[in-house]
Every structure is written in structure tokens, then in C-alpha cells.
Amino acid sequence: IDTEADRIQEVRLDPGTEFRGNFNKLVVDRDIKVTRSLPRRSKDNAEEERWHRTLEEGTRASLLKAGAPTRLWGHAAAHWVYNYNRVEQVDDDGTVSNSPFENRFKVKFDQNALVPFGTGCVFHNAFKKTGDKFSSRGISGTIIGYGPVRGSFRVIDHSKLKETGKVSIFLTKDVKVVMNTYPMSTLGFNSDFRCVKEQDSG
């Protein structure tokens, strides 16, 4: 929060228990006004509930398009929100408005930097043993999110999945995106797969 204009001044919540304890202390400490909807009356909170539905539909569409297992829903949701916040918004009447990113930072986001969830890629893992010096250094992967550094991605390593049955996620900037490819549907995820610790590819 950089200025008074950026400060959250009011939040509207449902009566859920997740908004007690530490959250309650936070809003008091920051002098944030809290209003609550009535129990079991989601229509009182229609705007927020509609956003939840939009987020859910966007996440579901991302998973289906990518052919991804539903257990990756958290990555799909974060990826969808990142993209949503950086594209122009179209109202019901067809009016086009600035993206949330542009409203916040007063500059347009480079749309070419956005990729769909589950897009195929080739990336370099500096720590992977590749055998002889002439073997390929590129590793097939699938993009499941953006990294904390501009231009970086979270990538599933296909070779690790095939070797171990576990999903290894790497953070990397050394990646070539292969647009319009969605390889996850062919990877053969087991229903009991789990994600191992996220790693930096170097």
C-alpha cells in the first residue's frame, strides 16, 4: 500500500468463521470498516458471489482446456487470476475498460507475455544430468503458472513425471513457450500423484 488512496477502507464479508481471529485483529489494527451479510443469504453479497462464480468458471475452463487433473486447481486459479488482471475488461453492454493492472500502475501490460494455463514448453534445467555433452539440454515441460520474477514461469518437468510418477515443479526464466500445445492430457497422471517441493532450475 503506497498511498492513502490505495489503502483498503472497507470490506464486506459473510459470517464465515475464517474471518475471525487473526483476520479480525488485522482489520481493527488497520482501521478497516467491516460490514457483514446475513447468514445463508448469498444474494445480500451478490457482487462478491458473482466474482467467486467467475473465478470458479475460469479455473474449470483452464483445467479442461489444458487436459489437467483437478488436483492442480490451485495453480490453475492463480494463473487465471494473473491473466484476468492484465487484460482489458468488457462490460455487459460491450464497453471496453482498462485492465485492473493498468488502473493500478497506469501502464498497459504486454499481452504477449501472457500464456494459457497448461501450455507446452521446452526449458533448461542446469542441474539435470544429461549424459554426453552433445545430448539435448532442452526438457519438455508444461507451464502451470508465473514465477515471482518477471519473465519466469512455474513448469512441470515431463521427464520427472514419467520417471517417478511425481510432479516436479521448476521455477525458470530459461524457457521457450510452444503456443497452442497442451501436453498434460497425454502425460498419464495417476489419481494419487503429489507435487514435490518447488525448485529453481538454475
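Where in the structure is the place of Asp157? Look for strand β7, which covers residues 153-157. Keep in mind as you look around that this is a predicted model.

Let's stay with Asp157 for a moment. Its relative accessible area is 0%, so it counts as buried. Its side chain still has polar company: there's a polar contact with the side chain of Ser159, at 2.6 Å. The backbone nitrogen of Lys160 also comes in, lying 3.3 Å from a polar atom of the Asp157 side chain. And if you set aside neighbours within four places in sequence, Asp157 is in contact with Phe123, Ile139, Ser140, Ser168 and Phe170.

Now step back to the whole protein. Its secondary structure adds up to five helices and 10 strands. There are 202 residues, and 32% of them count as buried. Take the contacts with a separation of 6 or more: 55% of these are between residues 24 or more positions apart. On the outside, the accessible surface comes to about 13500 Å², with 51% of that belonging to carbon and sulfur atoms.

What about the inside? The largest nonpolar core has 13 residues, and the members that touch the most others are Leu63, Ala68, Leu72, Phe117, Ile144, Ile156 and Met184. A second, separate core holds 12 residues, including Phe101, Val115, Ile139 and Tyr146. You've already met Ile139, as one of the contacts of Asp157.

Finally, the charged pairs. Side chains of opposite charge can pair when their charged atoms come close. Searching the whole structure turns up five salt bridges. One of them links the side chains of Asp29 and Lys25, at 2.8 Å from N to O. Both residues sit in helix α1 (residues 22-29), four residues apart, or about one turn of the helix, and both are exposed.

Helix α2 (residues 46-66) has a pair of its own: Glu56 and Arg60 are four residues apart there, so about one helical turn separates them. Their side chains meet in a salt bridge, 2.8 Å from N to O. Glu56 has a relative accessible area of 48%, so it counts as partly exposed, and Arg60, at 41%, is partly exposed too.

Then there's Lys108, whose side chain meets that of Glu102 in a salt bridge at 3.3 Å, N to O. Which partner is buried and which is exposed? Lys108 is exposed, with a relative accessible area of 55%, while Glu102 is buried, at 15%. The story doesn't stop with two residues, either: salt bridges that share partners join Glu88, Glu102 and Lys108 into one network.

Conventions. Residues are numbered from 1 along each chain as its sequence is written. This is a predicted model: local features need pLDDT of at least 70, side-chain atom pairs count only at pLDDT 80 or more; totals for chains, interfaces and linings use all residues. Side-chain values use heavy atoms; hydrogens and water are left out. Helices (H or I, at least four residues) and strands (E, at least two) are DSSP runs, numbered from the N terminus. Buried means under 20% relative accessible area, exposed over 50%, partly exposed in between (1.4 Å probe, protein chains only). A polar contact is a pair of N or O atoms within 3.5 Å; within protein, one must be able to donate a hydrogen and the other to accept it, and residues adjacent in sequence count only if both atoms are side-chain atoms. Contact means heavy atoms within 4.5 Å. A nonpolar core is a set of buried Ala, Val, Leu, Ile, Met, Phe, Trp, Tyr and Cys residues joined through side-chain atoms within 4.5 Å. Accessible areas come from the Shrake-Rupley method with a 1.4 Å probe; for residues, only the protein chains shown count as cover. A salt bridge is a side-chain nitrogen of Lys or Arg within 4 Å of a carboxyl oxygen of Asp or Glu.
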